[in-house]
Amino acid sequence: MSFPSNRFTLRIASLKLLIKLAYGIGPGIISGGPPWVDSQLYSINAKVEGNTLLTQKQMRPLLQNLLADRFHLKVHPVQKIVPGYALVIAQGGPKLQLTKGGPFLGMGGRYGDSELKYQNDSVVDFANVIGYSAFRKPVVDRTGLEGMYDFDLKFSPEDGPLRDDPRYSSLPDIFTAVQSQLGLKLVPQRVPVDSLVIDHVEPLSEN
């Protein structure tokens, strides 16, 4: 998907992923619900009334309403303070590339990856990706940067199957890569994490 847009299209996604997108939270912090919220896959093709173009953030309440209407989804938020990192602007300023309007695509996202490449993504969402992929700890955006960017971050993984691969051993570690390639900095902090608990959900009806 490319934002701003008046249409939300997603194919072959679990309900848990849809909830993540609807509420703008990081992966792995949605709890509760039956097992099928992870295994059952759905496709969505929804259009906003009229021709108003919405940002990804503006689209979220509409997706929340859709999930409440079709799945009778009820959730409640829980905030925790946990060890993690704050993503801030490094000395010299950011080196981010404004998006060229490409699709919302991602590459990477598994612990042990050596490259995270995303198009048309926000700093908030990319911070979540860094936390999930590189640390299994939350990374909270403290840059204050708005807008959508194209990211291509290459680094040497600290763990996983690529750790000892000579093709990646010459790459910088994740902290150096974020600063040198993105002009940002990862600072260890105890950070707030917004999580969701699923109180009630029902399978999608035939109609």
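Ser31 pairs up with Val197 of S10 as its bridge partner. That link belongs to a short parallel stretch: S2 and S10 run in the parallel sense and are held in register by three bridges. The model is a predicted one, so everything described here is computed from predicted coordinates.

S2 and S10 are part of an open sheet of four strands, laid out in the order S2-S10-S4-S8 with mixed pairing. At the edges sit S2, covering 30–32, and S8, covering 139–141, and each of these pairs on one side only. Going from one strand to the next, the twist averages 40°.

Next to S10 in that order comes S4. S4 spans residues 74–89 and S10 spans residues 184–200; the two run antiparallel and are joined by 16 bridges. One pair to look for on screen is Val75, which stands opposite Ile198 in S10. As a rule of thumb when tracing side chains here, in a regular strand they alternate between the two faces of the sheet.

Now for the helices around the sheet. H4 lies across three of the strands, namely S4, S8 and S10, and runs at about 165° to S8. H4 (residues 123–135) also has a helical partner in H5 (residues 174–182): their axes come within 12 Å and cross at roughly 150°. Angles over 145 degrees count as roughly antiparallel, and H4 and H5 are therefore roughly antiparallel to each other. Their crossing is right-handed. On the H4 side, the residues involved are Phe126, Ile130, Ala134 and Phe135, and they meet Ile174, Phe175, Val178 and Leu182 of H5. Sorted by class, this contact has eight nonpolar residues, with no polar and no charged ones.

A separate helix pair is formed by H1 (residues 15–23) and H3 (residues 56–71), which pack at an angle of about 145° with their axes 7 Å apart. H1 brings Leu15, Leu18, Ile19, Leu21, Ala22 and Tyr23 to the contact, while H3 brings Arg60, Leu63, Gln64, Leu67 and Phe71. By class, the residues where H1 touches H3 come out as nine nonpolar, one polar and one charged.

Definitions and conventions:
Residues are numbered from 1 along each chain as its sequence is written. This is a predicted model: local features need pLDDT of at least 70, side-chain atom pairs count only at pLDDT 80 or more; totals for chains, interfaces and linings use all residues. Side-chain values use heavy atoms; hydrogens and water are left out. Axes are lines fitted to C-alpha atoms, for helices over the stretch in contact, and angles run from 0 to 180 degrees between N-to-C directions. Angles under 35 degrees count as roughly parallel, over 145 as roughly antiparallel, 65 to 115 as roughly perpendicular and the rest as oblique. A crossing is left-handed if the near helix is turned anticlockwise from the far one by less than a right angle, and right-handed if clockwise. Contact means heavy atoms within 4.5 Å. Ala, Val, Leu, Ile, Met, Phe, Trp, Tyr, Cys and Pro count as nonpolar, Asp, Glu, Lys and Arg as charged, and the others, Gly among them, as polar. Two strands pair if DSSP finds at least two bridges between them.
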